[in-house]
Amino acid sequence: MVASSPLVKMQSLHKSYGDGAVQVLKGIDIEMKPGERLVVIGPSGGGKSTLLRVMMGLEQIDSGSITFAGQPYVSSASREKKTLIDTEVRRSIGMVFQHYTLFPHLNILQNLVLAPRKVRNEPKASAEARALSLLERFGLAAKARAYPAQLSGGQKQRVAIARALMLDPKLMLFDEVTSALDPELVSEVEHVIMQLADQDMPMMIVTHDMWFAKNIASRVIFCAGGVVVEDGPPEQVLGSPREERTREFIERVFHIKQ
Amino acid sequence: MDLDFTIVLRYYDALLIGLWTTVQLTMVCIALGCALGFVTALGRTSKNFALRAITGTYVELFRGTPVLIQLFWIFFCLPLILGVELSNFISATIALTLYMGAISSETFRASLKSVGSEQLDACIALGLPRSVQIRNIIMPQAVLRAVPTLLSNCVSLFKESALVSAVGMADLMFVGQNISNNIARPVEVLTVVAIIYFVIAFPITRAVTFVERRMLIRLAI
Amino acid sequence: MNYTFDFSSIAIGPLLDGLFVTIQLTLAANVIGIVAGFVLALLLMSPFAIVRVPFMLFVEFFRCTPAIIQVVWFFYCVPMLLDVFLDPLMMGILALGLNLTAFNAEAYRASIQGVPREQRDAGIALGLNPLQRIRYIILPTAFRESIPVLLTNGIGIFQQSALVAIVAIQDLMYEGKTLATATYRPIETFTVVALIYFAVSFPVSQVVGLIERRRALAAA
C-alpha cells in the first residue's frame with residue numbers, strides 16, 4: 001500500500017567530529033510515514049539538530065543512508081569519506097533555521113522569489129504573485145518591500161517559513177525555530193506552523209518547547225547521546241514515558257518551566 | 001615673522017593643475033586597484049595552491065614595504081627590465097594600483113569571510129546552484145560589507161599619492177614644494193597645500209562613518 | 001628582458017648603517033606615539049568641548065593629510081615659526097612621533113569606548129569609585145585590546161619613515177638612493193632595500209595576525 005510506505009527512511013546514520021573523537025550520531029534508524037509530524041526532543045548536544053542538518057545535506061556523515069519517497073538521496077561512500085547527496089531529491093525538502101538566515105541585502109519579496117526564479121526558472125510575475133499571497137496569508141503583506149533588519153524576530157521567522165514554502169516542499173524541517181525569539185513572539189511563529197499542520201504538511205521539528213511539542217506532534221522521538229531513546233505518540237513520550245532517561249528529562253524540563 | 005597667505009593666491013592656477021593630476025591619478029588607481037584587489041582576494045581564497053602562493057606573495061610584499069620604495073622601483077627599475085620608456089603617469093599608475101590592489105584585496109578577503117556559514121546553509125536549503133550562491137548572495141553582501149573599508153583605502157591612496165612628487169611627477173605636493181622653494185615662503189605654501197589635502201580627505205573619512213551607520217541600520221551587516 | 005643582474009657591487013655596509021638610523025627613528029617615534037597617544041586619547045574623551053575639539057582637529061589633520069607633507073612642513077616651518085634648530089634626526093623623530101601619536105590616540109579611544117557597558121556596571125556594583133574603575137577595569141582591558149592596532153601602526157611608521165630620506169636624513173631609503181646612483185645598479189639596490197624593509201615588517205605583521213586569530217578563537 002502507498003500510504004504505509006515511508007516518506008523518509010534513515011538507516012544507521014553515524015556521524016562524528018574530529019576523526020571519530022566526538023560521536024554525535026551513533027546509529028539512527030527512523031522511518032517517517034507520509035503526513036506524520038515528528039517532533040524530536042532531547043538534551044543539548046544529543047544530536048537533534050545534527051540529525052536535521054544531515055537530512056538537509058548540510059553535514060557530512062560517516063556511514064548510513066537516507067531515502068526520501070523511496071529515492072535514496074543521502075549516502076556515504078566510506079572509502080572516500082564523502083557524503084553523496086542527490087540535490088534533485090533534496091529540493092523536495094524545505095528547512096527553517098534558528099537564526100532566520102534571511103538574506104540581509106534583499107528585501108522580503110526578493111528573499112522569497114530568489115529561489116523559485118533561479119532554481120525553477122519561474123517567471124518573475126508568477127513568483128511575485130505567489131510570494132505576495134503567501135505573505136498575505138502570514139499577515140506580512142505590508143512588509144513585502146521592507147528589509148530583514150526592519151522586522152521583528154517573529155516576523156523574520158515567518159518570512160523564513162514562507163521562503164521555504166515558495167518551493168512547494170513535500171517535507172518541512174524546523175530546527176529550533178523559536179529558540180532565538182523573545183517569549184512574546186513565539187506564538188505567532190508556532191501559529192504559522194500549526195496552520196501548515198492543518199494542511200497535512202509532513203514535518204520534522206526540533207524544539208525545546210514542550211507545550212508546542214505536545215500540541216503539534218503526531219509522534220515524538222526522544223534523542224540523547226546520539227541514539228533514539230524513546231519513540232512513540234506524544235501522550236506516551238511526553239506524558240508517561242517508558243524509559244528512565246526520558247522521564248528524567250521530561251521532569252527536569254517541566255520543573256524548569258514552572 | 002610676518003605671514004602673508006594672500007601670496008599663495010597668486011599661484012592658485014599652478015596648484016589647481018597639480019591637484020588635478022593628483023585627483024586623476026587617485027581616481028584611476030582606485031578603479032583599477034579595486035578590480036585588482038577583488039581578483040586577488042578570490043585568488044587568495046582559491047583552492048589552487050599556485051594561485052594562493054602568487055597572490056599571497058604579491059600582497060605581503062606590497063604591504064610589507066614602504067610605498068616610496070615601490071614607487072622608486074617601478075620608476076627606475078621597471079623601464080630597465082621591460083626595455084621601454086614609461087611616462088611618469090603610467091609608472092605612477094602602475095605603482096599605486098599595485099599598492100591599492102594589495103590593501104583592497106585584504107578588505108575583500110575579510111568581507112568574503114564575514115558572510116556567515118549560515119547564509120550558505122540557507123542557500124543549500126533553498127537548493128540554489130553554486131553560481132547563484134556566489135552571484136546573488138555572497139558577492140553583493142561581500143561588496144556591501146567592504147564599502148566602508150574601501151573608502152578608507154581610497155583616503156590612504158589619495159594621501160600616499162603625494163609620494164609621486166619624490167620621483168618628479170608634478171602633482172599637488174610637487175607643485176607646492178616648487179612654489180615654496182621659489183618664493184621662499186614654505187609656511188604659507190605648505191600649509192595651504194596641506195589644507196587642500198585635508199579638505200578633500202576629511203569629508204571622505206566622515207562618509208565612512210555615515211555609510212557604516214546606515215548599513216548597520218538598513219541591513220544589519 | 002635582457003638585463004643581467006649583478007648584486008656584487010651592492011655594498012651592504014652603508015645599507016646597514018641606514019637601517020640602524022631607520023630603526024632608531026622607528027623606536028623613538030613609537031615611544032612618543034605609545035605614551036603621548038594615550039594622553040591624547042584621554043583628552044579626546046574630555047567632557048569639555050573646549051578641550052576636546054582642538055585635539056580632535058589635531059588628530060584629524062594628521063589622519064587626513066599625506067605624511068610626506070607633514071614631514072616636509074615640519075622641516076621647513078618649525079624652525080622658521082619657532083626659531084628652534086634641532087638636528088635632522090631629532091626633527092624626523094618628532095614629525096613621525098606626532099603622526100603616530102594621532103593614529104594611536106584613535107586606537108586607544110576606540111578600545112576604551114569598546115569596553116562593554118557591563119564591565120563599568122560591574123565596577124559600580126562592586127563599589128569601585130570612578131578612578132578605581134578606570135585604573136583597574138577599563139584601562140587594562142582597553143590596553144590589551146589595542147595592542148594589535150598599536151603594533152600595526154608601529155610597523156606602519158617603520159615603513160613611513162622611508163620618506164625622511166626626502167629631507168636628507170641618512171636612513172635606509174636615503175642610503176639606498178645614494179648607492180643606486182653611485183653604482184648605476186638601481187634594480188639590485190632597490191630590490192635589496194625593499195627586501196630589508198620587508199624582512200623587518202613581515203614578522204611583525206605575522207605576529208599581529210597570530211594575536212588576532214587567537215583572540216577570535218578565544219571569543220568564539
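## How three chains fit together

Of the two pairs of chains in contact here, chains B and C share the most contacts. Keep in mind as you look around that this is a predicted model. Chain A and chain C, for their part, do not touch, and their nearest C-alpha atoms sit 17 Å apart.

Let's start with chains B and C. On this interface, 36 residues of chain C are in contact with 38 residues of chain B. The size of an interface is often given as the accessible area lost when the parts come together. For chain C and chain B that comes to about 3,400 Å², with 79% of it on carbon and sulfur atoms. There's one salt bridge across this interface, and you can find it by looking for Glu60(C) and Arg206(B), whose side chains meet at 3.1 Å, N to O. Eight residue pairs are in polar contact between chain C and chain B, counting pairs with both residues at pLDDT 80 or more.

Which parts of chain C do the touching? At least two residues each come from α2 (49-63), α3 (67-82), α6 (130-160), α7 (172-183) and α8 (186-219) of chain C. Of these, α8(C) gives the most to the side that touches chain B, with 12 residues. By class, this side of chain C splits into 26 nonpolar, seven polar and three charged residues.

Now swing over to chains A and B. Here 23 residues of chain B are in contact with 24 residues of chain A. The area buried between the two is about 2,000 Å², and carbon and sulfur atoms give 68% of that. Again the interface has one salt bridge: Arg53(A) pairs with Asp121(B), the closest N and O atoms being 2.8 Å apart. Between chain B and chain A, five residue pairs are in polar contact, with both residues at pLDDT 80 or more. On chain B's side, the elements that give two or more residues are α6, α7 and α9 (186-218). That side of chain B has 15 nonpolar, four polar and four charged residues.

Next, the empty space. How many cavities of 30 Å³ or more turn up in a search of the whole structure? The search finds one, and about 50 Å³ of space lies in it. Its lining draws on two chains: Gly94(A), Met95(A), Phe97(A), Ala160(A), Arg163(A) and Ala164(A), along with Ala122(B), Ala125(B) and Leu126(B). In terms of elements, β7 (93-96) and α5 (153-165) of chain A and α6 of chain B each supply at least two of the lining residues. α5(A) gives the most, with three. The cavity lining comes out as seven nonpolar residues, one polar and one charged.

Finally, have a look at the second largest pocket, which has a volume of about 460 Å³. It is lined by 14 residues, and those nearest its centre are Thr45(B), Leu112(B), Leu120(B), Arg130(B) and Ile138(B). Four helices of chain B each supply at least two lining residues: α2 (12-44), α5 (88-114), α6 (117-125) and α7 (130-160). With four residues, α7(B) gives the most to this lining. Sorted by class, the pocket's lining has eight nonpolar, three polar and three charged residues.

If you want one element to follow by eye, try α6 of chain B. That helix gives residues to the side of chain B that touches chain A, to the lining of the largest cavity and to the lining of the second largest pocket.

Note on methods
Residues are numbered from 1 along each chain as its sequence is written. Chains are lettered from A and ligands numbered from 1 in the order in which they are written. This is a predicted model: local features need pLDDT of at least 70, side-chain atom pairs count only at pLDDT 80 or more; totals for chains, interfaces and linings use all residues. Side-chain values use heavy atoms; hydrogens and water are left out. Contact means heavy atoms within 4.5 Å. On a 1 Å grid over the protein atoms alone, a cavity is a set of points where a 1.4 Å probe fits but cannot get out, and a pocket is an open set with protein on both sides within 12 Å along at least five of seven lines; lining residues have an atom within 4 Å of a point. Grid points are joined across faces, edges and corners, and a volume is the space filled by probe spheres set on the points. Ala, Val, Leu, Ile, Met, Phe, Trp, Tyr, Cys and Pro count as nonpolar, Asp, Glu, Lys and Arg as charged, and the others, Gly among them, as polar. Buried area is the accessible area (1.4 Å probe) that two parts lose on being put together, summed over both. A salt bridge is a side-chain nitrogen of Lys or Arg within 4 Å of a carboxyl oxygen of Asp or Glu. A polar contact is a pair of N or O atoms within 3.5 Å; within protein, one must be able to donate a hydrogen and the other to accept it, and residues adjacent in sequence count only if both atoms are side-chain atoms.
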